[in-house]
Amino acid sequence: MTKAKNLTPRKVKDNDFDLIRAINSGQVDKFHDLVKRYEQKLYNFSLRTCWDPRDAEDMVQDTFLNVFRYLKDFRYETRFKNWLYKVAASTCIKQRRKSKFAPEKELSWEEFYAGDGTGAPAQVPGWASIPLNQLLNEELSETLNQAIMSLPRKYRLVVILRDIEGFSTIETAQILDLSSANVKVRLHRARLYLRDKLKGYYEHDR
Amino acid sequence: MTGEYRDHTHCLEMFKKLSEYIDGELDHVTCAEIEQHSENCVACFSCLETLKRTVAICKNTKDKPVPREFSQRLKEIIQNLPKTTSL
Ligand SMILES: [Zn+2]
């Protein structure tokens, strides 16, 4: 967290600060309000990060217990949400059970590059050109979640934080203790990987 | 867009920068180069559009509700926590 400190010498406004100050000054029963605020976000983050729903529940539980344990050290220098995800990400990384389906390998952009224009489609496929709302449904969400889960973890976390949770490049770098350049590299490869999976889904799997 | 475009020397350079382009993280000059190239190269245009769509699908994916029994269990665990955060 020292890295984050140097990068952000600013006043942070956050709707959660009052609640955290209350908890830290003795109104511990209010911790439940904090949990309620983030329970669903964190549950879905964990579901996408872990494979098994039971692992996801463990991750949510452990994260909140860690939050409770370290809340007194919270410095009000970043938004609470960012700090929460930092705790969640490190809880996830410490989890021992590893996915059989997502080996920890490097992805290179070369494997996604179609070449000098000759191998690429001559027009934009339907799934990328029709209005988005005609595309979104439960089956697509499931396909996307499966694709995310099959990504090696170092890419998975980055794309979840950036594209699903909506953190900026700098925030993601702070949460994962990476450089911004590293976040960008991983994000690009993760997106290319997901694009291939979605392409496969629309062209072959249905 | 014309299908006749044959100069693909920039395709690879463009391919590497597509995510930064989508995220608005490139300077104006590079953006203009990418826009010009994708107007003339169907392959890169298609690549850009499918990648944009991938990001849009991620941004619009819906969250699942928390299972009620898990939520209940979490509540119970919290009720049993110490009565202070400053231990
Ligand atoms: Zn091109």
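Donors are taken here as N, O and S atoms within 2.8 Å of the metal. In this predicted model, the residues that supply such atoms to the zinc ion follow the sequence spacing C-x25-H-x3-C-x2-C. The donors from the protein are the SG atom of Cys11(B), NE2 of His37(B), SG of Cys41(B) and SG of Cys44(B), which lie 2.1 to 2.4 Å from the zinc ion. Cys11(B), in helix α1 of chain B (residues 11–22), and Cys44(B), in helix α3 of chain B (residues 42–60), are 33 residues apart, and the pair thereby links distant parts of the chain.

The angles subtended by the four donor atoms around the zinc ion range from 101 to 112°, and the arrangement is therefore tetrahedral; for four tetrahedral donors the ideal angle is 109.5 degrees. Cys11(B) has a relative accessibility of 1% and so counts as buried, and Cys44(B), with a relative accessible area of 8%, is buried as well.

In chain A, helix α3 (residues 31–49) bends by about 50° at Tyr38(A). Of the 19 residues of α3(A), 14 are buried, and the helix is therefore largely enclosed by the rest of the structure.

Thr169(A) is placed in helix α9 of chain A, which covers residues 169–176. Its relative accessibility is 7%, so Thr169(A) counts as buried, the limit for that class being under 20%. When residues up to four places away in sequence are not counted, Thr169(A) touches Arg162(A), Ser180(A), Val183(A) and Lys184(A), together with Glu25(B) of chain B.

Technical notes
Residues numbered from 1 in each chain as written. Chains lettered and ligands numbered in written order. Predicted model: local features only at pLDDT ≥ 70, side-chain atom pairs only at ≥ 80, totals over all residues. Heavy atoms only, no water. Helix = DSSP H or I, 4+ residues; strand = E, 2+ residues; numbered from the N terminus. Buried < 20%, exposed > 50% of the residue type's maximum accessible area, 1.4 Å probe, protein only. Contact = heavy atoms within 4.5 Å. Bend = angle between axes of the 7 residues up to and from the residue. Donors = N, O, S within 2.8 Å, 3.2 Å for Na, K, Ca; no water. Tetrahedral: all angles 85-135°; square planar, octahedral: opposite > 155°, others 65-115°.
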